[in-house]
Amino acid sequence: MPSFDYLALRNRTDRLFDKFGQNVIFEAHAKGAYDPATGTVASTVTTTVVQGVLQQIESRLVANGLVQADSKLLLIRGSDLAAAPVPATDTAEVNGATYRVVRVDEENPGGTTMIWKVYIHT
């Protein structure tokens, strides 16, 4: 039985994001080592411009308490991020508003990341 070509599907998905998505400024925040001399923890911010689609949250997710009522769903092209966004530390800027990542789901059939479903909140 022939295997399904998930890479071709991801390429098609990427083209749809190119056509219908918008630029999103995504910031990955990584904490470094603690400096006892200053009492601070160093951090590194990696900024990446990704293609995304901003959507309203499904009411059932709010009713089940999985997300807050004013949260949004940001779909990010799978090929734009090498690693999963980290809830509570990473941020996304969409249309001039900055949101923090609160939850992440990955659409990854056959080991090929198609879409990151990133739940964000102001």
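**Figure 1. Arg 103 stands opposite Tyr 119 in strand E6, in a close-up of the pairing between E5 and E6.** In this predicted model, strand E5, which comprises residues 97-107, pairs with E6 in the antiparallel sense over 7 bridges. A further pair along these strands is formed by Arg 100, whose bridge partner in E6 is His 121. Strand E6 is mostly covered, since 5 of its 7 residues are buried.

**Figure 2. Strand E6 is also joined to E3, by 6 bridges, and these strands run antiparallel.** Within this pairing, Arg 77 stands opposite Ile 115 in E6. The side chain of Arg 77 also makes a polar contact, at 3.0 Å, with the side chain of Asp 80, which links this view to the one that follows.

**Figure 3. Asp 80 in the loop between E3 and strand E4 (91-94).** Is Asp 80 buried or exposed? With a relative accessibility of 19%, Asp 80 counts as buried, because the cut-off for that class is under 20% relative accessible area. When residues up to four places away in sequence are not counted, Asp 80 touches Thr 48, Val 50 and Gln 51. Closer along the chain, the side chain of Asp 80 has its polar contact with the side chain of Arg 77 at 3.0 Å.

**Figure 4. The hairpin of E4 and E5, with 2 residues between the strands.** Strands E4 and E5 pair in the antiparallel sense over 4 bridges, and the bridge partner of Ala 92 in E5 is Tyr 99. Asn 95 is found in the loop between these two strands, where this residue has a positive phi of about 55° although it is not a glycine. Most residues other than glycine have a negative phi. At 65% relative accessibility, Asn 95 counts as exposed.

**Figure 5. Ala 88, a residue with a positive phi of about 75° although it is not a glycine.** Ala 88 lies in the loop between E3 and E4, which is also where Asp 80 is found. Whereas Asp 80 counts as buried at 19% relative accessibility, Ala 88 is exposed, with a relative accessible area of 64%.

**Figure 6. The buried and exposed sides of helix H1 (residues 6-20).** Helix H1 has 15 residues and reaches 21 Å from its first C-alpha to its last, close to the 21 Å expected at 1.5 Å a residue. Which residues of H1 are buried? They are Thr 13, Asp 14 and Phe 17. These residues cover an arc of only 105° around the axis, which puts them on the same side of H1. On the other side of H1, Arg 12, Arg 15, Lys 19 and Phe 20 are exposed. The packing partners of the buried residues of H1 are strand E2 (40-56), strand E3 (72-77) and strand E6 (115-121), so that E3 and E6, joined to each other by 6 bridges, are both among the strands against which these residues pack.

**Figure 7. The start of helix H1, where a side-chain oxygen of Asp 5 reaches to within 3.3 Å of the backbone nitrogen of Leu 7.** Leu 7 lies in helix H1 and is partly exposed, with a relative accessible area of 46%. The C-alpha atoms of Leu 7 and Val 104 are separated by 22 Å, and these two residues are 97 residues apart along the chain.

**Figure 8. Helix H2 and strand E4, the elements where confidence is lowest and highest in the protein.** The mean pLDDT is 72 in helix H2 (residues 59-63) and 97 in E4, while the mean for the protein is 90, with 96% of its residues reaching 70 or more. Where pLDDT is low, the predicted coordinates should not be read in detail. For orientation among the close-ups, the protein has 2 helices and 6 strands, which follow the pattern α-β-β-α-β-β-β-β when read along the sequence. The C-alpha trace spans about 60 × 35 × 30 Å along its principal axes, and 30% of the 122 residues count as buried. Among contacts with a separation of 6 or more, 54% are accounted for by residues 24 or more positions apart.

How values were computed
Residues are numbered from 1 along each chain as its sequence is written. This is a predicted model: local features need pLDDT of at least 70, side-chain atom pairs count only at pLDDT 80 or more; totals for chains, interfaces and linings use all residues. Side-chain values use heavy atoms; hydrogens and water are left out. The expected span of a helix is 1.5 Å times one less than its number of residues. Buried means under 20% relative accessible area, exposed over 50%, partly exposed in between (1.4 Å probe, protein chains only). The arc is that of the directions from the helix axis to the C-beta atoms. Contact means heavy atoms within 4.5 Å. A polar contact is a pair of N or O atoms within 3.5 Å; within protein, one must be able to donate a hydrogen and the other to accept it, and residues adjacent in sequence count only if both atoms are side-chain atoms. Two strands pair if DSSP finds at least two bridges between them. pLDDT is the predictor's confidence in each residue, from 0 to 100.
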